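Reader: I should be grateful for a close examination of one part of this structure. Please take a single residue as the point of departure and proceed from there to its surroundings.

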Amino acid sequence: MENTLRIQVNFNEKIIRKQLWTYFYYSWKKKMPTILRNFFYVLFIIFIFDSLLGNKTRYNFLQFVIVFLGLTCIFYLINFYYQKITYSTKINKHIDELKGYHPVTELYFDEENFYIKGEQYDVRSIWKKITYEVSGNIILIQVEIGTPFIYVISEEETDQYAEILSFLKHKAKKK
């Protein structure tokens with residue numbers, strides 16, 4: 001394996017849009033276990049209080065659980081579609097902003113660090129601060145710089161996808 005890898009990624013609106021939507025659905029998929037866990041915690045607490053204080057039958061509690069589950073599902077569906085509409089607006093704004101910049105982003109991989117150079121940002125980090133995750137044919141590279149920074153690169157964007165993945169496997173931590 002060579003010591004350095006340099007990749008130029010050209011701007012393609014269709015690919016960027018697909019990547020951002022994939023990230024949106026990926027982040028919601030990652031939220032689902034937490035949402036379900038919180039739902040069951042609330043049910044457990046309600047069950048304890050109902051057992052201690054209530055004189056109702058279990059049938060009444062089951063009816064309550066079904067209504068509570070329905071209302072929770074409706075709330076999260078409304079929240080999901082609201083965030084989807086908001087995210088769509090942000091994607092359109094972001095892509096319009098990207099069109100105004102120089103359309104090439106450069107990625108540098110070497111033995112000590114990882115560097116992303118573009119007109120809108122320059123990010124450099126050492127390897128112990130970088131994690132990556134593969135989701136389908138997309139690599140999510142997360143850089144810990146105080147605020148969350150995730151760079152998304154897909155197999156369609158570059159013909160050096162395998163080299164990127166190999167370099168990340170050797171240098172970065174898998175999430």
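Is arginine 17 buried, partly exposed or exposed, and with which side chain does arginine 17 meet in a salt bridge? Please continue from there to the helices and sheets.

Author: In this predicted model, arginine 17 has a relative accessible area of 26% and is therefore partly exposed. Its side chain meets that of glutamate 13 in a salt bridge, with an N to O distance of 3.0 Å. The two residues are four positions apart in helix H1, which means that about one helical turn separates them. Glutamate 13 is likewise partly exposed, at 29% relative accessibility.

Glutamate 13 has a further partner. Lysine 99 forms a salt bridge with glutamate 13, and the closest N and O atoms of this pair are 3.1 Å apart. Here the link is between distant parts of the chain: glutamate 13 belongs to helix H1 and lysine 99 to helix H2 (residues 58-99), with their positions 86 residues apart. Lysine 99 has a relative accessible area of 46%, so this residue too counts as partly exposed.

Another salt bridge involving helix H1 is that between lysine 30 and glutamate 133, whose closest N and O atoms are 4.0 Å apart. Lysine 30 lies in helix H1 and glutamate 133 in strand S5 (residues 130-135), so this pair ties together parts that are 103 residues apart in sequence. The two ends differ in their burial class: glutamate 133 counts as buried at 16% relative accessibility, whereas lysine 30 is partly exposed at 45%. Shared partners join Glu13, Arg17 and Lys99 into one network of salt bridges. In the whole structure, the search finds six salt bridges.

Glutamate 133 leads on to a sheet. Four strands form this open sheet in the order S7-S6-S5-S8, with mixed pairing. Strand S7 (148-154) and strand S8 (173-174) stand at its edges; each has a single partner strand, so one side of each lacks a neighbour in the sheet. Strand S5 pairs with strand S6 (residues 138-144) in the antiparallel sense over six bridges. Within this pairing, glutamate 133 stands opposite leucine 140 in S6. Helix H1, to which arginine 17 belongs, lies across S5, S6 and S7 and runs at about 125° to S7. Helix H3 lies across S5, S6, S7 and S8, at about 40° to S6.

Helix H1 spans residues 13-53 and includes phenylalanine 47. That residue is one member of a nonpolar surface patch formed by Phe44, Ile45, Phe47, Ile48, Phe49, Leu52 and Leu53, which together have about 740 Å² of accessible area. Phenylalanine 47 itself counts as partly exposed, at 33% relative accessibility.

There is also a second sheet to consider. An open sheet of four strands has the order S1-S2-S3-S4, and its pairing is antiparallel. Its edges are strand S1 (5-10) and strand S4 (122-126); each has a single partner strand, so one side of each is without a neighbour in the sheet. On average, and with direction ignored, neighbouring strands of this sheet are turned by 10° against each other.

The pairings may be followed from S1. Strand S1 is joined by six bridges to strand S2 (residues 104-109), and the two run antiparallel. In this pairing, phenylalanine 109 in S2 is the bridge partner of leucine 5. Helix H3 (residues 161-171) packs on the sheet and touches S1 and S2, its direction making about 130° with that of S1. Helix H3 is thus placed on the sheet that contains S1 and S2 and across the strands S5, S6, S7 and S8.

Strand S2 then pairs with S3 in the antiparallel sense over four bridges, and a hairpin of three residues joins the two. In this pair, glutamate 106 stands opposite lysine 117 in S3. Strand S3 (residues 113-117) is mostly covered, since four of its five residues are buried. Five bridges join S3 to S4, again in an antiparallel arrangement, and a hairpin with four residues between the strands connects them. Lysine 117 has aspartate 122 as its bridge partner in S4.

Note on methods. Residues numbered from 1 in each chain as written. Predicted model: local features only at pLDDT ≥ 70, side-chain atom pairs only at ≥ 80, totals over all residues. Heavy atoms only, no water. Pairing = 2+ DSSP bridges. Axes fitted to C-alpha atoms, helices over the stretch in contact; angles between N-to-C directions. Contact = heavy atoms within 4.5 Å. Patch = residues over 30% accessible without salt bridge, like charges linked within 9 Å, V, L, I, M, F, W, Y side chains within 5 Å. Areas by Shrake-Rupley, 256 points an atom, 1.4 Å probe, with all protein chains shown as cover. Buried < 20%, exposed > 50% of the residue type's maximum accessible area, 1.4 Å probe, protein only.
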